[in-house]
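Hi,

Here is the structure I promised to pass on. Have a look at it first, then read on for my notes.

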Amino acid sequence: MKTTLNTARTGLRLLAFVAVVLAGVSTVVGSGGGGGGGAPAAGTPPAPVALGVVGTVPAAGAVDVGPSTAIAITFSESIGPSFGFAVEGPSGPVAGAVSVSGATATFTPSAPLVPGSDHGVAVVGVTGVTGKTLASNTHAWSFKTAVAPVPTLALSAATLNYSATQGGADPVAQTVTINNVGQGVLTGLLLGNVAYGAGATGWLQPLSLNTTTAPAAFTVRPVTGSLPAGSYSATIDVLSSVAANSPLTLIITFTVVAPPPVIALTPAGRAFSASLGGANPASQTIAIGNGGSGSLSGLSVGAIAYSAGAAGWLQASLNSASAPAVLTLQPLTSGLPAGSYSASVAVRSSVAGVAAQLATVSLTVTAGLPPSICLSPTPIDFSAAQGGANPAARAFTIDNCGGGVLTGLSVSVVYGQNPVWLQAPTLSRTSAPATLTLQALTGGLAAGTYFAAIQVVSPGAAGFSVLATFNVGLPPPSIALTPAARS
(Lines give C-alpha, C1' and ligand atoms only; values in the text may rest on other atoms or scores of the structure.)
Protein backbone atom coordinates (compact mmCIF):
# COMPACT_ATOMS: atom_id res chain seq x y z
CA MET A 1 0.00 0.00 0.00
CA LYS A 2 1.38 3.43 -0.99
CA THR A 3 1.74 5.91 1.89
CA THR A 4 1.97 9.73 1.95
CA LEU A 5 4.19 11.80 4.21
CA ASN A 6 2.34 14.43 6.27
CA THR A 7 4.88 17.19 5.64
CA ALA A 8 3.06 19.89 7.60
CA ARG A 9 2.75 17.84 10.77
CA THR A 10 6.23 16.36 10.38
CA GLY A 11 7.82 19.78 9.82
CA LEU A 12 6.38 21.23 13.03
CA ARG A 13 7.45 18.18 15.00
CA LEU A 14 10.97 18.38 13.54
CA LEU A 15 11.36 22.01 14.60
CA ALA A 16 10.47 21.08 18.17
CA PHE A 17 12.60 17.94 17.95
CA VAL A 18 15.68 19.83 16.74
CA ALA A 19 15.28 22.33 19.55
CA VAL A 20 15.33 19.50 22.07
CA VAL A 21 18.38 17.96 20.43
CA LEU A 22 20.24 21.32 20.41
CA ALA A 23 19.44 21.82 24.07
CA GLY A 24 20.93 18.50 25.06
CA VAL A 25 23.48 17.37 22.54
CA SER A 26 25.29 15.26 25.10
CA THR A 27 22.25 13.00 25.51
CA VAL A 28 22.13 12.05 21.86
CA VAL A 29 25.78 11.76 20.94
CA GLY A 30 26.21 8.68 18.83
CA SER A 31 29.59 7.60 20.19
CA GLY A 32 31.80 9.01 22.87
CA GLY A 33 35.16 8.40 21.21
CA GLY A 34 37.53 11.38 21.08
CA GLY A 35 39.81 12.70 18.44
CA GLY A 36 39.24 14.19 15.09
CA GLY A 37 36.71 16.76 16.34
CA GLY A 38 36.18 19.56 18.81
CA ALA A 39 37.01 23.30 18.60
CA PRO A 40 40.13 24.53 16.76
CA ALA A 41 43.24 25.47 18.75
CA ALA A 42 43.72 29.03 20.13
CA GLY A 43 45.14 31.44 17.67
CA THR A 44 44.02 29.38 14.66
CA PRO A 45 41.71 31.17 12.21
CA PRO A 46 38.13 29.82 12.41
CA ALA A 47 37.32 27.05 9.88
CA PRO A 48 34.90 27.93 7.15
CA VAL A 49 31.34 26.72 7.84
CA ALA A 50 31.05 24.57 4.76
CA LEU A 51 30.46 20.95 5.81
CA GLY A 52 28.00 19.66 3.22
CA VAL A 53 25.46 16.82 3.25
CA VAL A 54 25.91 14.51 0.30
CA GLY A 55 22.82 12.37 0.95
CA THR A 56 20.60 10.66 3.48
CA VAL A 57 19.00 7.24 3.84
CA PRO A 58 16.04 7.34 3.68
CA ALA A 59 15.90 10.44 1.49
CA ALA A 60 14.09 13.46 2.82
CA GLY A 61 10.34 13.08 2.25
CA ALA A 62 10.64 9.38 1.39
CA VAL A 63 7.57 7.18 1.88
CA ASP A 64 7.04 3.41 2.10
CA VAL A 65 10.32 3.06 3.97
CA GLY A 66 10.93 -0.38 5.40
CA PRO A 67 10.49 -0.44 9.22
CA SER A 68 13.87 -2.20 9.61
CA THR A 69 15.82 0.31 7.49
CA ALA A 70 19.00 1.74 9.03
CA ILE A 71 19.08 5.56 8.94
CA ALA A 72 22.26 7.18 7.57
CA ILE A 73 23.69 10.53 6.53
CA THR A 74 26.79 11.07 4.39
CA PHE A 75 28.81 14.31 4.56
CA SER A 76 31.22 15.96 2.18
CA GLU A 77 34.20 14.78 4.26
CA SER A 78 35.01 12.39 7.08
CA ILE A 79 33.61 13.48 10.42
CA GLY A 80 34.54 13.23 14.05
CA PRO A 81 32.79 10.88 16.46
CA SER A 82 31.14 13.39 18.79
CA PHE A 83 27.80 14.76 17.62
CA GLY A 84 24.09 14.35 18.15
CA PHE A 85 22.08 11.84 16.06
CA ALA A 86 18.45 11.35 17.09
CA VAL A 87 15.31 9.80 15.54
CA GLU A 88 11.74 10.45 16.63
CA GLY A 89 8.70 8.29 15.86
CA PRO A 90 4.98 8.68 16.62
CA SER A 91 5.58 7.75 20.27
CA GLY A 92 8.70 9.80 20.88
CA PRO A 93 12.46 9.18 20.61
CA VAL A 94 13.53 5.94 18.93
CA ALA A 95 16.17 3.85 20.71
CA GLY A 96 19.12 2.76 18.67
CA ALA A 97 22.91 2.77 18.14
CA VAL A 98 25.05 5.21 16.13
CA SER A 99 28.17 4.29 14.22
CA VAL A 100 30.58 6.37 12.11
CA SER A 101 32.49 5.17 9.07
CA GLY A 102 34.45 7.91 7.30
CA ALA A 103 31.97 10.47 6.08
CA THR A 104 28.87 8.42 6.93
CA ALA A 105 27.02 8.25 10.24
CA THR A 106 24.48 5.44 10.65
CA PHE A 107 21.65 5.07 13.18
CA THR A 108 20.48 1.46 13.65
CA PRO A 109 17.11 1.23 15.49
CA SER A 110 16.96 -1.25 18.36
CA ALA A 111 13.57 -2.46 17.07
CA PRO A 112 11.70 -2.01 13.78
CA LEU A 113 10.14 1.40 13.31
CA VAL A 114 6.38 1.82 13.65
CA PRO A 115 4.77 0.94 10.27
CA GLY A 116 2.81 3.58 8.40
CA SER A 117 4.10 6.45 10.56
CA ASP A 118 5.97 9.76 10.11
CA HIS A 119 9.55 9.84 11.52
CA GLY A 120 11.93 12.74 12.01
CA VAL A 121 15.75 12.69 12.06
CA ALA A 122 18.09 15.38 13.43
CA VAL A 123 21.90 15.46 13.32
CA VAL A 124 23.52 18.21 15.46
CA GLY A 125 27.05 19.42 16.13
CA VAL A 126 28.88 17.49 13.44
CA THR A 127 32.48 18.55 12.75
CA GLY A 128 34.49 17.46 9.76
CA VAL A 129 38.13 16.36 10.02
CA THR A 130 39.19 19.73 8.59
CA GLY A 131 37.11 21.59 11.14
CA LYS A 132 34.18 22.33 8.87
CA THR A 133 30.75 22.38 10.48
CA LEU A 134 27.17 22.24 9.29
CA ALA A 135 25.34 25.40 8.45
CA SER A 136 23.17 26.28 11.45
CA ASN A 137 24.99 23.39 13.18
CA THR A 138 22.00 21.13 12.33
CA HIS A 139 20.63 18.93 9.56
CA ALA A 140 17.11 17.50 9.88
CA TRP A 141 14.78 15.55 7.58
CA SER A 142 11.75 13.32 7.75
CA PHE A 143 10.28 10.23 6.09
CA LYS A 144 7.36 7.83 6.45
CA THR A 145 7.49 4.09 6.98
CA ALA A 146 5.48 1.66 4.88
CA VAL A 147 2.23 0.34 6.24
CA ALA A 148 2.27 -3.17 7.68
CA PRO A 149 1.77 -5.88 5.02
CA VAL A 150 -1.88 -6.93 4.70
CA PRO A 151 -2.86 -10.37 3.30
CA THR A 152 -5.62 -10.41 0.66
CA LEU A 153 -7.92 -13.31 -0.21
CA ALA A 154 -8.20 -14.55 -3.80
CA LEU A 155 -10.19 -17.55 -5.10
CA SER A 156 -9.26 -19.55 -8.19
CA ALA A 157 -12.91 -19.24 -9.27
CA ALA A 158 -15.64 -16.82 -8.24
CA THR A 159 -18.44 -19.06 -9.54
CA LEU A 160 -18.79 -22.84 -9.93
CA ASN A 161 -21.40 -24.16 -12.36
CA TYR A 162 -22.69 -27.75 -12.32
CA SER A 163 -25.31 -29.74 -14.24
CA ALA A 164 -26.74 -33.24 -13.91
CA THR A 165 -29.65 -35.35 -15.09
CA GLN A 166 -32.54 -35.85 -12.70
CA GLY A 167 -32.05 -39.14 -10.87
CA GLY A 168 -28.63 -39.58 -12.51
CA ALA A 169 -25.05 -39.56 -11.26
CA ASP A 170 -23.59 -36.68 -9.26
CA PRO A 171 -21.60 -34.14 -11.29
CA VAL A 172 -17.80 -34.16 -11.17
CA ALA A 173 -16.34 -32.35 -8.15
CA GLN A 174 -14.44 -29.07 -8.61
CA THR A 175 -11.61 -27.79 -6.43
CA VAL A 176 -11.26 -24.14 -5.38
CA THR A 177 -7.83 -22.79 -4.42
CA ILE A 178 -7.42 -19.96 -1.91
CA ASN A 179 -4.37 -17.74 -2.51
CA ASN A 180 -2.85 -14.65 -0.91
CA VAL A 181 -2.54 -11.84 -3.47
CA GLY A 182 -1.54 -9.32 -0.79
CA GLN A 183 1.47 -9.21 1.51
CA GLY A 184 2.38 -11.06 4.64
CA VAL A 185 0.99 -14.46 5.56
CA LEU A 186 -2.68 -15.34 5.06
CA THR A 187 -3.69 -17.42 8.08
CA GLY A 188 -6.84 -18.27 10.02
CA LEU A 189 -8.72 -19.50 6.95
CA LEU A 190 -12.15 -21.01 7.47
CA LEU A 191 -15.34 -21.68 5.50
CA GLY A 192 -18.65 -20.17 6.52
CA ASN A 193 -21.96 -21.97 6.45
CA VAL A 194 -23.50 -22.77 3.08
CA ALA A 195 -26.35 -20.40 2.22
CA TYR A 196 -28.82 -22.11 -0.12
CA GLY A 197 -31.11 -20.26 -2.50
CA ALA A 198 -34.74 -21.04 -3.12
CA GLY A 199 -35.79 -24.52 -4.15
CA ALA A 200 -33.86 -26.98 -1.99
CA THR A 201 -31.16 -27.21 0.67
CA GLY A 202 -28.53 -29.75 1.66
CA TRP A 203 -27.54 -30.69 -1.90
CA LEU A 204 -23.81 -30.04 -1.37
CA GLN A 205 -21.45 -32.58 0.15
CA PRO A 206 -19.81 -31.40 3.42
CA LEU A 207 -16.97 -28.93 2.81
CA SER A 208 -13.56 -28.84 4.47
CA LEU A 209 -10.27 -26.99 3.98
CA ASN A 210 -7.04 -28.91 3.57
CA THR A 211 -5.18 -26.26 5.63
CA THR A 212 -5.89 -22.95 7.40
CA THR A 213 -2.93 -21.10 5.82
CA ALA A 214 -2.81 -20.01 2.17
CA PRO A 215 -2.38 -21.54 -0.29
CA ALA A 216 -5.30 -23.75 0.68
CA ALA A 217 -7.99 -25.68 -1.19
CA PHE A 218 -11.42 -27.22 -0.75
CA THR A 219 -13.57 -29.45 -2.97
CA VAL A 220 -17.19 -28.73 -3.94
CA ARG A 221 -19.52 -31.46 -5.20
CA PRO A 222 -23.31 -31.34 -5.50
CA VAL A 223 -25.43 -34.43 -4.81
CA THR A 224 -28.16 -35.09 -7.37
CA GLY A 225 -30.12 -37.40 -5.07
CA SER A 226 -33.87 -36.97 -5.49
CA LEU A 227 -33.73 -33.34 -6.61
CA PRO A 228 -36.44 -32.52 -9.14
CA ALA A 229 -35.50 -30.84 -12.39
CA GLY A 230 -34.74 -27.16 -11.85
CA SER A 231 -32.06 -24.56 -11.10
CA TYR A 232 -30.47 -24.31 -7.68
CA SER A 233 -27.92 -21.95 -6.13
CA ALA A 234 -25.82 -21.60 -3.01
CA THR A 235 -23.06 -19.36 -1.64
CA ILE A 236 -20.08 -20.10 0.61
CA ASP A 237 -18.09 -17.43 2.47
CA VAL A 238 -14.31 -17.83 2.70
CA LEU A 239 -13.03 -15.96 5.78
CA SER A 240 -9.76 -14.97 7.44
CA SER A 241 -9.24 -12.79 10.51
CA VAL A 242 -6.13 -11.21 8.94
CA ALA A 243 -7.30 -10.62 5.36
CA ALA A 244 -8.16 -7.15 4.17
CA ASN A 245 -11.11 -8.36 2.07
CA SER A 246 -12.68 -11.05 4.28
CA PRO A 247 -15.17 -12.55 3.65
CA LEU A 248 -14.94 -13.54 -0.02
CA THR A 249 -18.05 -15.24 -1.41
CA LEU A 250 -18.08 -18.24 -3.76
CA ILE A 251 -21.24 -18.64 -5.87
CA ILE A 252 -22.43 -22.14 -6.85
CA THR A 253 -25.10 -22.95 -9.43
CA PHE A 254 -26.56 -26.41 -10.04
CA THR A 255 -28.88 -27.19 -12.96
CA VAL A 256 -30.81 -30.47 -12.83
CA VAL A 257 -32.39 -31.38 -16.17
CA ALA A 258 -35.22 -33.84 -16.74
CA PRO A 259 -34.12 -37.18 -18.19
CA PRO A 260 -34.70 -37.63 -21.92
CA PRO A 261 -37.29 -40.03 -23.33
CA VAL A 262 -36.23 -43.71 -23.34
CA ILE A 263 -37.35 -46.34 -25.83
CA ALA A 264 -38.83 -49.29 -23.91
CA LEU A 265 -39.59 -52.56 -25.74
CA THR A 266 -42.13 -55.04 -24.31
CA PRO A 267 -41.08 -57.77 -24.69
CA ALA A 268 -37.50 -57.25 -25.79
CA GLY A 269 -37.62 -60.00 -28.40
CA ARG A 270 -39.73 -62.59 -30.24
CA ALA A 271 -39.21 -66.24 -31.24
CA PHE A 272 -40.74 -67.90 -34.31
CA SER A 273 -40.86 -71.45 -35.65
CA ALA A 274 -41.81 -72.80 -39.04
CA SER A 275 -41.73 -76.03 -41.01
CA LEU A 276 -39.47 -76.44 -44.00
CA GLY A 277 -41.42 -75.49 -47.12
CA GLY A 278 -44.48 -74.53 -45.05
CA ALA A 279 -46.33 -71.27 -44.60
CA ASN A 280 -44.84 -68.24 -42.90
CA PRO A 281 -45.42 -68.22 -39.15
CA ALA A 282 -47.96 -65.75 -37.81
CA SER A 283 -46.65 -62.24 -37.22
CA GLN A 284 -45.87 -61.11 -33.68
CA THR A 285 -45.72 -57.66 -32.15
CA ILE A 286 -43.63 -55.72 -29.62
CA ALA A 287 -45.03 -52.76 -27.71
CA ILE A 288 -42.92 -49.58 -27.78
CA GLY A 289 -43.34 -47.27 -24.80
CA ASN A 290 -41.56 -44.31 -23.23
CA GLY A 291 -39.52 -45.43 -20.25
CA GLY A 292 -38.25 -41.90 -19.54
CA SER A 293 -39.93 -38.51 -19.50
CA GLY A 294 -41.10 -36.01 -22.03
CA SER A 295 -42.43 -37.00 -25.43
CA LEU A 296 -41.01 -39.92 -27.42
CA SER A 297 -41.50 -39.12 -31.08
CA GLY A 298 -39.70 -39.53 -34.40
CA LEU A 299 -39.75 -43.33 -34.10
CA SER A 300 -38.46 -45.41 -36.99
CA VAL A 301 -37.13 -48.88 -37.76
CA GLY A 302 -33.44 -49.00 -38.55
CA ALA A 303 -31.56 -51.55 -40.58
CA ILE A 304 -32.10 -55.19 -39.61
CA ALA A 305 -28.85 -56.93 -38.64
CA TYR A 306 -28.78 -60.65 -39.49
CA SER A 307 -26.50 -63.29 -38.02
CA ALA A 308 -24.69 -65.83 -40.18
CA GLY A 309 -26.82 -68.19 -42.25
CA ALA A 310 -29.24 -66.04 -44.21
CA ALA A 311 -30.48 -62.48 -44.58
CA GLY A 312 -33.63 -60.76 -45.73
CA TRP A 313 -36.02 -63.19 -44.05
CA LEU A 314 -37.64 -60.64 -41.70
CA GLN A 315 -40.02 -57.73 -42.22
CA ALA A 316 -40.47 -55.07 -39.49
CA SER A 317 -42.89 -52.14 -39.42
CA LEU A 318 -44.21 -49.52 -36.98
CA ASN A 319 -47.84 -48.43 -36.69
CA SER A 320 -46.93 -44.99 -35.30
CA ALA A 321 -43.96 -42.61 -35.14
CA SER A 322 -44.79 -41.62 -31.55
CA ALA A 323 -45.01 -43.74 -28.41
CA PRO A 324 -47.04 -45.72 -27.56
CA ALA A 325 -46.47 -47.66 -30.78
CA VAL A 326 -46.43 -51.26 -31.98
CA LEU A 327 -43.59 -52.98 -33.86
CA THR A 328 -44.86 -55.82 -36.07
CA LEU A 329 -42.46 -58.64 -37.01
CA GLN A 330 -43.11 -61.02 -39.90
CA PRO A 331 -40.64 -63.79 -40.85
CA LEU A 332 -40.54 -64.92 -44.49
CA THR A 333 -39.53 -68.58 -44.64
CA SER A 334 -39.76 -69.26 -48.37
CA GLY A 335 -36.50 -70.73 -49.61
CA LEU A 336 -34.93 -71.00 -46.16
CA PRO A 337 -33.27 -74.35 -45.42
CA ALA A 338 -33.86 -76.02 -42.08
CA GLY A 339 -31.88 -74.37 -39.31
CA SER A 340 -31.81 -71.64 -36.71
CA TYR A 341 -31.68 -67.96 -37.61
CA SER A 342 -31.46 -64.74 -35.61
CA ALA A 343 -31.65 -61.02 -36.28
CA SER A 344 -31.90 -57.73 -34.42
CA VAL A 345 -34.16 -54.81 -35.31
CA ALA A 346 -33.09 -51.30 -34.28
CA VAL A 347 -35.87 -49.01 -33.09
CA ARG A 348 -34.71 -45.39 -33.23
CA SER A 349 -35.95 -41.90 -32.36
CA SER A 350 -35.05 -38.57 -33.89
CA VAL A 351 -35.26 -36.91 -30.44
CA ALA A 352 -31.78 -35.81 -29.35
CA GLY A 353 -30.20 -37.96 -26.66
CA VAL A 354 -32.49 -40.98 -27.14
CA ALA A 355 -30.56 -44.22 -27.61
CA ALA A 356 -31.73 -46.81 -30.10
CA GLN A 357 -32.98 -50.13 -28.72
CA LEU A 358 -32.62 -53.56 -30.34
CA ALA A 359 -35.45 -56.05 -30.62
CA THR A 360 -34.08 -59.59 -30.96
CA VAL A 361 -35.76 -62.09 -33.26
CA SER A 362 -35.11 -65.84 -33.59
CA LEU A 363 -36.49 -68.22 -36.19
CA THR A 364 -36.29 -72.00 -36.19
CA VAL A 365 -37.08 -73.83 -39.42
CA THR A 366 -37.54 -77.57 -38.89
CA ALA A 367 -37.65 -80.38 -41.39
CA GLY A 368 -40.58 -82.06 -39.60
CA LEU A 369 -43.78 -80.37 -38.62
CA PRO A 370 -43.57 -79.57 -34.90
CA PRO A 371 -46.51 -78.51 -32.77
CA SER A 372 -47.34 -74.85 -33.20
CA ILE A 373 -49.39 -72.62 -30.93
CA CYS A 374 -52.25 -70.67 -32.47
CA LEU A 375 -54.65 -68.35 -30.65
CA SER A 376 -57.96 -66.98 -31.86
CA PRO A 377 -59.73 -64.68 -32.19
CA THR A 378 -57.33 -61.73 -32.45
CA PRO A 379 -56.72 -58.96 -31.70
CA ILE A 380 -56.95 -59.13 -27.92
CA ASP A 381 -58.33 -55.74 -26.95
CA PHE A 382 -60.47 -54.34 -24.17
CA SER A 383 -62.04 -50.95 -23.55
CA ALA A 384 -63.70 -49.27 -20.59
CA ALA A 385 -64.39 -45.84 -19.12
CA GLN A 386 -62.08 -44.44 -16.47
CA GLY A 387 -63.42 -45.30 -13.03
CA GLY A 388 -66.20 -47.40 -14.57
CA ALA A 389 -67.00 -51.09 -14.44
CA ASN A 390 -64.58 -53.74 -15.71
CA PRO A 391 -65.19 -54.79 -19.32
CA ALA A 392 -66.58 -58.25 -19.92
CA ALA A 393 -64.14 -61.14 -19.73
CA ARG A 394 -63.10 -62.64 -23.07
CA ALA A 395 -62.39 -66.23 -24.03
CA PHE A 396 -59.79 -67.28 -26.60
CA THR A 397 -59.05 -70.66 -28.11
CA ILE A 398 -55.55 -72.13 -28.16
CA ASP A 399 -55.06 -74.65 -30.98
CA ASN A 400 -52.24 -76.71 -32.45
CA CYS A 401 -51.48 -75.28 -35.89
CA GLY A 402 -48.59 -77.67 -36.50
CA GLY A 403 -48.01 -81.40 -36.18
CA GLY A 404 -47.77 -83.72 -33.24
CA VAL A 405 -49.47 -83.05 -29.94
CA LEU A 406 -49.48 -79.67 -28.19
CA THR A 407 -49.28 -80.32 -24.44
CA GLY A 408 -47.92 -78.73 -21.25
CA LEU A 409 -49.50 -75.40 -22.04
CA SER A 410 -48.97 -72.46 -19.68
CA VAL A 411 -49.71 -68.74 -19.91
CA SER A 412 -47.93 -65.69 -18.49
CA VAL A 413 -48.33 -61.93 -18.87
CA VAL A 414 -45.49 -59.41 -19.34
CA TYR A 415 -46.37 -55.77 -18.67
CA GLY A 416 -43.03 -54.02 -19.21
CA GLN A 417 -43.50 -50.32 -18.38
CA ASN A 418 -47.27 -50.72 -17.99
CA PRO A 419 -49.14 -51.26 -14.72
CA VAL A 420 -50.84 -54.61 -14.06
CA TRP A 421 -54.30 -54.43 -15.60
CA LEU A 422 -55.26 -58.08 -16.19
CA GLN A 423 -56.61 -60.60 -13.73
CA ALA A 424 -54.46 -63.73 -13.65
CA PRO A 425 -55.32 -65.61 -16.89
CA THR A 426 -56.98 -69.02 -16.65
CA LEU A 427 -56.63 -72.08 -18.94
CA SER A 428 -59.37 -74.66 -19.26
CA ARG A 429 -56.73 -77.37 -19.77
CA THR A 430 -52.97 -77.78 -20.47
CA SER A 431 -53.30 -79.45 -23.90
CA ALA A 432 -54.75 -78.12 -27.14
CA PRO A 433 -57.42 -77.28 -27.82
CA ALA A 434 -57.78 -75.18 -24.66
CA THR A 435 -59.73 -72.06 -23.66
CA LEU A 436 -57.87 -69.02 -22.32
CA THR A 437 -59.96 -66.56 -20.31
CA LEU A 438 -58.77 -62.95 -19.81
CA GLN A 439 -60.39 -60.31 -17.60
CA ALA A 440 -59.29 -56.63 -17.78
CA LEU A 441 -59.49 -54.64 -14.53
CA THR A 442 -60.31 -50.92 -14.71
CA GLY A 443 -59.33 -50.23 -11.10
CA GLY A 444 -57.63 -46.87 -10.64
CA LEU A 445 -56.21 -46.70 -14.16
CA ALA A 446 -56.04 -43.22 -15.67
CA ALA A 447 -57.36 -42.63 -19.15
CA GLY A 448 -54.94 -43.99 -21.73
CA THR A 449 -53.82 -47.08 -23.64
CA TYR A 450 -52.14 -49.96 -21.80
CA PHE A 451 -50.30 -52.96 -23.22
CA ALA A 452 -49.43 -56.47 -22.08
CA ALA A 453 -47.78 -59.40 -23.81
CA ILE A 454 -49.72 -62.67 -23.46
CA GLN A 455 -47.15 -65.45 -23.70
CA VAL A 456 -48.22 -69.07 -24.29
CA VAL A 457 -45.56 -71.77 -24.06
CA SER A 458 -45.39 -75.52 -24.53
CA PRO A 459 -42.33 -77.80 -24.12
CA GLY A 460 -42.76 -79.17 -27.63
CA ALA A 461 -43.41 -75.93 -29.53
CA ALA A 462 -41.91 -72.52 -30.08
CA GLY A 463 -43.15 -69.89 -27.70
CA PHE A 464 -46.09 -67.81 -28.78
CA SER A 465 -46.80 -64.22 -27.77
CA VAL A 466 -49.57 -61.83 -28.68
CA LEU A 467 -50.07 -58.20 -27.68
CA ALA A 468 -53.14 -57.28 -25.66
CA THR A 469 -54.37 -53.70 -25.39
CA PHE A 470 -56.67 -51.94 -22.94
CA ASN A 471 -58.10 -48.54 -23.91
CA VAL A 472 -59.36 -46.62 -20.89
CA GLY A 473 -61.41 -43.62 -21.96
CA LEU A 474 -62.63 -40.61 -20.09
CA PRO A 475 -66.03 -41.12 -18.43
CA PRO A 476 -69.01 -39.72 -20.44
CA PRO A 477 -70.71 -36.55 -19.22
CA SER A 478 -73.80 -37.00 -17.05
CA ILE A 479 -76.70 -34.76 -16.13
CA ALA A 480 -76.81 -33.77 -12.49
CA LEU A 481 -80.02 -32.21 -11.10
CA THR A 482 -79.88 -30.19 -7.91
CA PRO A 483 -82.26 -30.74 -6.29
CA ALA A 484 -83.73 -33.77 -7.94
CA ALA A 485 -87.35 -32.64 -7.41
CA ARG A 486 -89.47 -29.66 -6.40
CA SER A 487 -92.95 -29.51 -4.80
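**What I found**

Y341 is buried, because its relative accessibility is 7%. Before I go on with that residue, please keep in mind that this is a predicted model.

Y341 has an aromatic partner, W313, and the two rings are tilted, with 6.2 Å from centre to centre and 55 degrees between the planes. The partners come from distant parts of the chain: Y341 belongs to strand β23, W313 sits in the loop between β20 and β21 (314–318), and 28 residues separate them. W313 counts as buried too, because its relative accessible area is 1%.

Over the whole structure there are 8 aromatic pairs. Another one of them joins Y196 to W203, this time edge-to-face, at 5.4 Å between centres and 65 degrees between planes. Is W203 buried or exposed? W203 is buried, because its relative accessibility is 2%. Y196 is partly exposed, because its value is 26%, which falls between the 20% and 50% limits. Both rings are part of one aromatic cluster, together with Y232 and F254.

**The chain overall**

The chain has 487 residues, and 36% of them are buried. Its secondary structure is 32 strands and 1 helix. Take the contacts with a separation of 6 or more: 71% of them are between residues 24 or more positions apart.

**A four-stranded sheet**

Back to β23, the strand that holds Y341. Which strands make up the open sheet, and in what order? The order is β18-β24-β23-β20, 4 strands with mixed pairing. β18 (269–275) and β20 (299–306) are the edge strands, each pairing on one side only. On average, and ignoring direction, neighbouring strands in this sheet are turned by 20 degrees against each other.

In the middle of that order, β23 (residues 339–349) and β24 (residues 357–366) run antiparallel and are joined by 9 bridges. If you want a spot to zoom in on, try A343, which has V361 of β24 opposite.

**The nonpolar cores**

In soluble globular proteins, nonpolar side chains tend to be buried together. The largest nonpolar core here has 27 residues, and the members that touch the most others are I380, W421, L422 and F470. Six strands are worth colouring when you look at this core, since at least two of its residues come from each of β25 (373–376), β26 (380–385), β27 (394–400), β30 (434–438), β31 (448–458) and β32 (461–473). β32 gives the largest share, with 6 residues.

I380 is a good place to start. Beyond its neighbours within four places in sequence, I380 contacts L375, R394, F396, L438, I454, V466, L467, A468 and T469. There is also a second, separate core, of 26 residues, with A200, A216, A243 and I252 among them.

T469, one of the contacts of I380, lies in strand β32. T469 is buried, because its relative accessible area is 18%, under the 20% limit. Leaving out residues up to four places away in sequence, T469 touches I380, D381, F382, W421, Y450 and F451.

**Salt bridges**

Side chains of opposite charge can pair when their charged atoms come close. How many salt bridges does the structure hold? There are 2.

One involves R394, which you have already met as a contact of I380. R394 pairs with D381, and their closest N and O atoms are 3.0 Å apart. R394 is in strand β27 and D381 in strand β26, 13 residues apart. R394 counts as partly exposed because its relative accessibility is 24%, and D381 is partly exposed as well because its relative accessible area is 36%.

The other salt bridge is between K132 and E77, with 4.0 Å from N to O. Here both partners are in loops: K132 in the one between β7 (118–124) and β8 (138–144), E77 in the one between β2 (71–75) and β3 (84–89), with their positions 55 residues apart. E77 is buried, because its relative accessible area is 13%, whereas K132 is partly exposed, because its relative accessibility is 26%.

Happy to go through any of this with you.

Cheers

Definitions and conventions
Residues numbered from 1 in each chain as written. Predicted model: local features only at pLDDT ≥ 70, side-chain atom pairs only at ≥ 80, totals over all residues. Heavy atoms only, no water. Core = buried A, V, L, I, M, F, W, Y, C linked by side-chain atoms within 4.5 Å. Buried < 20%, exposed > 50% of the residue type's maximum accessible area, 1.4 Å probe, protein only. Contact = heavy atoms within 4.5 Å. Pairing = 2+ DSSP bridges. Axes fitted to C-alpha atoms, helices over the stretch in contact; angles between N-to-C directions. Salt bridge = Lys/Arg side-chain N within 4 Å of Asp/Glu carboxyl O. Phe/Tyr/Trp six-rings, centres within 6.5 Å; stacked < 30°, edge-to-face > 60°.
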